[in-house]
Amino acid sequence: MTIDLLPMEERESVILKSKSYQEFDPTKVMLKGQLCKENWYGSKQLRLFELNGTGELKYYKNLKEYKGMITITADTKVRKSARTSIVIYDDIKSKDYTLL
């Protein structure tokens, strides 16, 4: 599987560019980049993601094809499952997401 990474300037956190708290808009994208997730069959899937200030981590197959969303709250359980992977448990969907 070949992974083509986004240019560094497209992976930057935009929250670090805010000059003051008043400029912070939770509906705007705070962080974007790429992630590798594991599907039900154990296959790895490369996805683009966007995380906004409301805790919505939206992921896409490509720049236009929306695939799903994980809602991250203060109660979301995130655990390290291996040296290079984490598991996010989505309470709303009662589902584990493994990010590699």
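This passage walks through the strands, aromatic pairs and a few local contacts of a predicted model.

Starting with the overall layout, the chain has zero helices and seven strands. Read from the N terminus, the order of elements is simply β-β-β-β-β-β-β. The chain has 100 residues, and 27% of them count as buried. As for surface, the accessible area of the chain adds up to about 7,400 Å², with 54% of that belonging to carbon and sulfur atoms. On the contact side, taking residues at least 6 apart in sequence, 19% of the contacts join residues that are at least 24 apart.

Next come the aromatic rings, where the structure holds two pairs. Tyr59 and Tyr97 make up one of them, an edge-to-face arrangement with 6.3 Å from centre to centre and 70° between the planes. This pair ties together distant parts of the chain, since Tyr59 belongs to strand 3 (residues 56-60) and Tyr97 to strand 7 (residues 95-99), 38 residues apart. Both Tyr59 and Tyr97 are buried. The pair of Tyr60 and Tyr66 is edge-to-face too, with the ring centres 5.7 Å apart and 70° between the planes. Burial is where these two partners part ways: Tyr60 has a relative accessible area of 16%, under the 20% cut-off, so Tyr60 counts as buried. Tyr66, on the other hand, comes out at 43%, and because that value lies between 20% and 50%, Tyr66 is classed as partly exposed.

Moving to strand 2 (residues 44-52), Asn52 is a residue worth a look. Its relative accessibility is 11%, which is under 20%, and therefore Asn52 counts as buried. With neighbours within four places in sequence set aside, Asn52 is in contact with Pro26, Thr27, Lys28, Val29 and Met30. For Pro26, the C-alpha atom is separated from that of Asn52 by 6.1 Å, although the two residues are 26 apart along the chain. The side chain of Asn52 also makes a polar contact, at 3.1 Å, with the side chain of Glu56.

The last region to cover is the hairpin of strand 6 and strand 7. These two strands pair in the antiparallel sense over five bridges. Four residues sit between the strands of this hairpin, and Ser94 takes a positive phi near 50° there. Across the pairing, Ile86 stands opposite Leu99 in strand 7. In a regular strand, side chains alternate between the two faces of the sheet.

Ser85 also belongs to strand 6, which covers residues 85-90. Its relative accessible area is 8%, so Ser85 falls under the 20% cut-off and counts as buried. Not counting neighbours within four places in sequence, Ser85 is in contact with Lys80, Leu99 and Leu100. Leu99 thus turns up in two places, as a contact of Ser85 and as the residue opposite Ile86. Closer along the sequence, a polar contact of 2.9 Å joins the side chain of Ser85 to that of Ser81.

Definitions and conventions:
Residues are numbered from 1 along each chain as its sequence is written. This is a predicted model: local features need pLDDT of at least 70, side-chain atom pairs count only at pLDDT 80 or more; totals for chains, interfaces and linings use all residues. Side-chain values use heavy atoms; hydrogens and water are left out. Buried means under 20% relative accessible area, exposed over 50%, partly exposed in between (1.4 Å probe, protein chains only). A polar contact is a pair of N or O atoms within 3.5 Å; within protein, one must be able to donate a hydrogen and the other to accept it, and residues adjacent in sequence count only if both atoms are side-chain atoms. Contact means heavy atoms within 4.5 Å. Accessible areas come from the Shrake-Rupley method with a 1.4 Å probe; for residues, only the protein chains shown count as cover. Rings of Phe, Tyr and Trp (its six-membered ring) pair if their centres lie within 6.5 Å; planes under 30 degrees apart count as stacked, over 60 as edge-to-face and the rest as tilted. Two strands pair if DSSP finds at least two bridges between them.
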